[in-house]
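Visitor: Hi, I'd like to talk about the pockets in this protein. Can you show it to me?

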Amino acid sequence: MASGDDSPIFEDDEGPPYSLEKMTDLVAVWDVALSDGVHKIEFEHGTTSGKRVVYVDGKEEIRKEWMFKLVGKETFCVGAAKTKATINIDAVSGFAYEYTLEINGKSLKKYMESRSKTTNTWVLQLDNEDFRVVLEKDTMDVWCNGKKMETAGEFVDDGTETHFSIGNHDCYIKAVSSGKRKEGIIHTLIVDNREIAEIP
């Protein structure tokens with residue numbers, strides 16, 4: 001259990017966001033990176049009570065009590081774009097269960113592999129604040145810290161630039177051809193005339 005200020009059991013006088021009962025039935029936790037941020041999905045499965053509870057970013061999305069069928073699925077939405085997520089509950093042997101997460105009908109691993117081909121992500125710090133910028137290459141939508149940014153596209157000599165602002169900082173994503181068919185278009189984030197390294 002965490003100690004000190006990061007303990008999730010009690011915060012101020014608002015009451016506990018997580019009950020001790022939850023701690024005993026928590027069977028799976030996933031972190032899912034979407035354009036609007038990284039979302040934490042937690043799943044409780046009470047194999048004696050039949051309880052199923054799904055939390056997204058600490059907020060209860062689904063609660064079912066006294067389910068007699070201990071295997072099955074729970075489907076819900078994640079993030080600003082209401083991305084479809086499904087937790088599959090399968091019996092492995094006896095009273096052992098396996099929990100798998102699907103995003104948009106794909107296993108989490110396959111979804112993340114596919115997503116890495118359709119998005120670029122940069123993490124940077126401006127004015128002592130952390131920012132996560134995501135480019136959706138198929139739509140050219142730009143997201144920053146969970147908000148879809150207002151952008152302006154511009155054609156330039158060697159490609160395109162998608163301009164936007166973070167606070168009082170001028171930013172743009174430059175798209176240029178790599179000249180190689182397998183690599184395709186290279187996207188580069190420029191903030192205040194400085195290139196930002198992409199996270200792998």
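Visitor: What volume does the second largest pocket have?
Guide: About 150 Å³. Keep in mind that this is a predicted model.

Visitor: Which residues are closest to its centre?
Guide: The lining of the second largest pocket has 15 residues. Closest to the centre are S35, A81, T83, R115 and E136.

Visitor: Which helix and strand each supply at least two residues of that lining?
Guide: α2 and β11 (141–144) each do so for the second largest pocket.

Visitor: And how many of its lining residues are nonpolar, polar or charged?
Guide: The second largest pocket is lined by six nonpolar, four polar and five charged residues.

Visitor: Where does it lie, and why there?
Guide: The second largest pocket lies between domain 1 (26–115) and domain 2 (118–196), because both give residues to its lining.

Visitor: OK, switching. What's the volume of the largest pocket?
Guide: The largest pocket comes to about 250 Å³.

Visitor: Which residues line it?
Guide: Among them are A33, V38, M112, R115, S116 and T119. Further along the chain, R132, E198, I199 and P200 also line the largest pocket.

Visitor: Which elements each give at least two of those?
Guide: For the largest pocket, α2 (108–118) and β9 (119–126) each do.

Visitor: How do the lining residues divide by class?
Guide: In the largest pocket, five are nonpolar, four are polar and three are charged.

Visitor: Last one. Where does the largest pocket lie?
Guide: Domain 1 and domain 2 both give residues to the lining of the largest pocket, so it lies between them.

Technical notes: Residues numbered from 1 in each chain as written. Predicted model: local features only at pLDDT ≥ 70, side-chain atom pairs only at ≥ 80, totals over all residues. Heavy atoms only, no water. 1 Å grid on protein atoms, 1.4 Å probe; cavity = no way out; pocket = protein on both sides within 12 Å on 5 of 7 lines; lining within 4 Å. Points joined across faces, edges and corners; volume = space filled by probe spheres on them. Helix = DSSP H or I, 4+ residues; strand = E, 2+ residues; numbered from the N terminus. Nonpolar A, V, L, I, M, F, W, Y, C, P; charged D, E, K, R; others polar. Domains from an automatic or database assignment.
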